[in-house]
Amino acid sequence: MEHPIFSLATKPDRRVFRYEHNGNKLEIVPSVKGLATIHDKDILIYCISQLIGKMNQGERPSRTLHLTARDLLVWTNRQTDGDGYDRLRSAFERLSGTRITTNIKADGEEITEGFGLINEWRIVRQTRSGQMSEIKVTLSDWLFKMVEGAAS
């Protein structure tokens with residue numbers, strides 16, 4: 001993708017970006033929490049590496065990943081304390097809240113589509129310890145298809 005999706009800002013970036021070239025349009029709209037950041041991109045890279053790992057083992061991957069928070073935090077070189085877990089939740093909110101709208105022209109049709117970088121996320125937390133025991137992330141169909149296409 002030629003156009004930046006991730007913010008480099010340290011404070012919430014709420015700017016809307018619009019690009020157009022030869023009738024193709026791309027719009028990136030942040031949530032009230034701001035655009036997904038370059039640091040949030042590490043989480044997507046981790047998720048993609050999990051998909052590719054499954055493909056390399058001959059498995060058919062799913063758009064929905066079941067992860068452990070600690071593994072994700074360690075892999076992305078983040079703190080594994082309470083603050084690290086809070087930041088992880090914020091990252092999921094930005095990744096699902098950053099919306100992309102684009103149009104694709106093919107075979108005499110134009111399809112306009114909108115999606116987030118991830119469709120949904122869920123954190124399961126132990127009530128006694130407060131520790132995250134499981135994370136479920138469902139990638140957008142667009143991102144999943146890009147990974148599948150690159151791997152084949």
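Is Asn77 buried or exposed? In this predicted model, Asn77 has a relative accessibility of 73% and therefore counts as exposed, since the cut-off for that class is over 50%. The residue is placed in the loop that links helix 2 (69-75) to helix 3 (82-97). Its backbone is also notable: Asn77 is not a glycine, yet its phi is positive, at about 60 degrees. Most residues other than glycine have a negative phi.

A second asparagine shows a positive phi. Asn22, again a residue other than glycine, has a phi near 50 degrees. Asn22 belongs to the loop between strand 1 (17-21) and strand 2 (24-29). With a relative accessibility of 67%, Asn22 counts as exposed.

From these loops the description turns to the interior. The largest nonpolar core contains 33 residues, and among these Phe92 and Leu139 touch the most other members. The elements giving two or more residues to this core are strand 2, helix 1 (41-56), strand 3 (64-67), helix 2, helix 3, strand 6 (118-125), strand 7 (132-139) and helix 4 (141-151). Helix 1 makes the greatest contribution to the core, with six residues. Leaving aside residues up to four places away in sequence, Phe92 is in contact with Ile43, Leu72, Ile118, Trp121, Ile123, Ile135 and Val137. In soluble globular proteins, nonpolar side chains tend to be buried together.

Strand 6 also carries Glu120. At 42% relative accessibility, Glu120 counts as partly exposed, because this value falls between the cut-offs of 20% and 50%. Beyond residues up to four places away in sequence, Glu120 touches Lys136, Val137 and Thr138. Glu120 and Thr138 are 18 residues apart in sequence, whereas their C-alpha atoms are 5.2 Å apart in space. Val137 is thus a name that appears twice in this account, as a contact of Glu120 and as a contact of Phe92.

The charged side chains form a further layer of the description. How many salt bridges does the structure hold? There are eight. Side chains of opposite charge can pair when their charged atoms come close.

One of these salt bridges joins Arg15 to Asp13, with the closest N and O atoms 2.8 Å apart. Asp13 is found in the segment before strand 1. Its relative accessible area is 8%, so Asp13 counts as buried, the cut-off being under 20%. Asp13 also touches Ser7, Pro30, Gly34 and Leu35, again not counting residues up to four places away in sequence.

Another salt bridge pairs Arg18 with Glu27, whose closest N and O atoms are 2.6 Å apart. Arg18 is exposed, having a relative accessible area of 61%. Glu27, in turn, is partly exposed, with a relative accessible area of 23%.

A third salt bridge links Arg87 and Asp83, the closest N and O atoms being 2.8 Å apart. Because the two residues are four residues apart in helix 3, Arg87 and Asp83 are separated by about one helical turn. Arg87 counts as exposed at 53% relative accessibility, while Asp83 counts as partly exposed at 35%. In addition, Lys33, Arg89 and Glu93 are joined into one network by salt bridges that share partners.

Arg87 leads on to the largest pocket. Which residues lie nearest the centre of this pocket? They are Thr37, His39, Asp40, Arg87 and Arg94, within a lining of 23 residues. The volume of the pocket is about 480 Å³. Helix 3 supplies the largest share of the lining, namely five residues. By residue class, the lining divides into six nonpolar, nine polar and eight charged residues.

Helix 3 therefore recurs across these topics, since Arg87 and Asp83 are four residues apart in helix 3. Helix 3 also gives two or more residues to the largest nonpolar core, and the largest share of the pocket lining comes from helix 3.

Notes. Residues are numbered from 1 along each chain as its sequence is written. This is a predicted model: local features need pLDDT of at least 70, side-chain atom pairs count only at pLDDT 80 or more; totals for chains, interfaces and linings use all residues. Side-chain values use heavy atoms; hydrogens and water are left out. Buried means under 20% relative accessible area, exposed over 50%, partly exposed in between (1.4 Å probe, protein chains only). Contact means heavy atoms within 4.5 Å. On a 1 Å grid over the protein atoms alone, a cavity is a set of points where a 1.4 Å probe fits but cannot get out, and a pocket is an open set with protein on both sides within 12 Å along at least five of seven lines; lining residues have an atom within 4 Å of a point. Grid points are joined across faces, edges and corners, and a volume is the space filled by probe spheres set on the points. Ala, Val, Leu, Ile, Met, Phe, Trp, Tyr, Cys and Pro count as nonpolar, Asp, Glu, Lys and Arg as charged, and the others, Gly among them, as polar. A nonpolar core is a set of buried Ala, Val, Leu, Ile, Met, Phe, Trp, Tyr and Cys residues joined through side-chain atoms within 4.5 Å. A salt bridge is a side-chain nitrogen of Lys or Arg within 4 Å of a carboxyl oxygen of Asp or Glu.
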